[in-house]
Amino acid sequence: MIKAIKRFRREAVMTARSCRLTEVPAGVTVHVAEVDGGHRVTSRLSDMGLYPGMEIEKLRGNGSGPVIIRIGPSRLALGRGVAEKIIV
């Protein structure tokens with residue numbers, strides 16, 4: 001129960017303002033607001049199943065290296081540059 005309350009508070013804080021996916025702490029579920037990139041990046045992300053309005057969970061990626069996210073039952077590894085372009 002306490003874990004659920006802490007998670008709810010983190011989600012509420014993250015939905016209060018938009019930020020980049022790289023700024024979101026691991027373990028938080030957010031909604032994609034937009035992709036701040038050109039046609040190539042948005043096309044690549046949509047091919048992987050990532051669209052504005054989707055709910056994603058950031059699993060790992062607060063340090064260096066790739067950002068791991070969960071979209072439904074799938075996990076994706078995104079490079080830092082691509083993750084920086086995702087606004088949540």
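**Salt bridges in a predicted model**

Biologist: Which residue forms a salt bridge with Arg70?
Modeller: A salt bridge here is a side-chain nitrogen of Lys or Arg within 4 Å of a carboxyl oxygen of Asp or Glu. For Arg70, the closest N and O atoms of the pair are 3.3 Å apart. The partner is Glu57.

Biologist: Where do the two residues of that pair lie?
Modeller: Helices (H or I, at least four residues) and strands (E, at least two) are DSSP runs, numbered from the N terminus. The pair links distant parts of the chain, 13 residues apart. Arg70 is in strand 4 (residues 67–71) and Glu57 in strand 3 (residues 55–60).

Biologist: Is Glu57 buried or exposed?
Modeller: Buried means under 20% relative accessible area, exposed over 50%, partly exposed in between (1.4 Å probe, protein chains only). Glu57 has a relative accessible area of 17%. That makes Glu57 buried.

Biologist: What can you say about the model and its values?
Modeller: This is a predicted model: local features need pLDDT of at least 70, side-chain atom pairs count only at pLDDT 80 or more, and totals for chains, interfaces and linings use all residues. Residues are numbered from 1 along each chain as its sequence is written, and side-chain values use heavy atoms, leaving out hydrogens and water.

Biologist: Which residues are linked with Arg20 in a network of salt bridges?
Modeller: Arg20 meets Asp36 at 3.3 Å, N to O. Arg20 also meets Glu84, at 3.7 Å. Glu84 lies in helix 3 (residues 80–84) and Arg20 in the loop between helix 1 and strand 1, so this pair ties together parts 64 residues apart in sequence. The network partners are Asp36 and Glu84.
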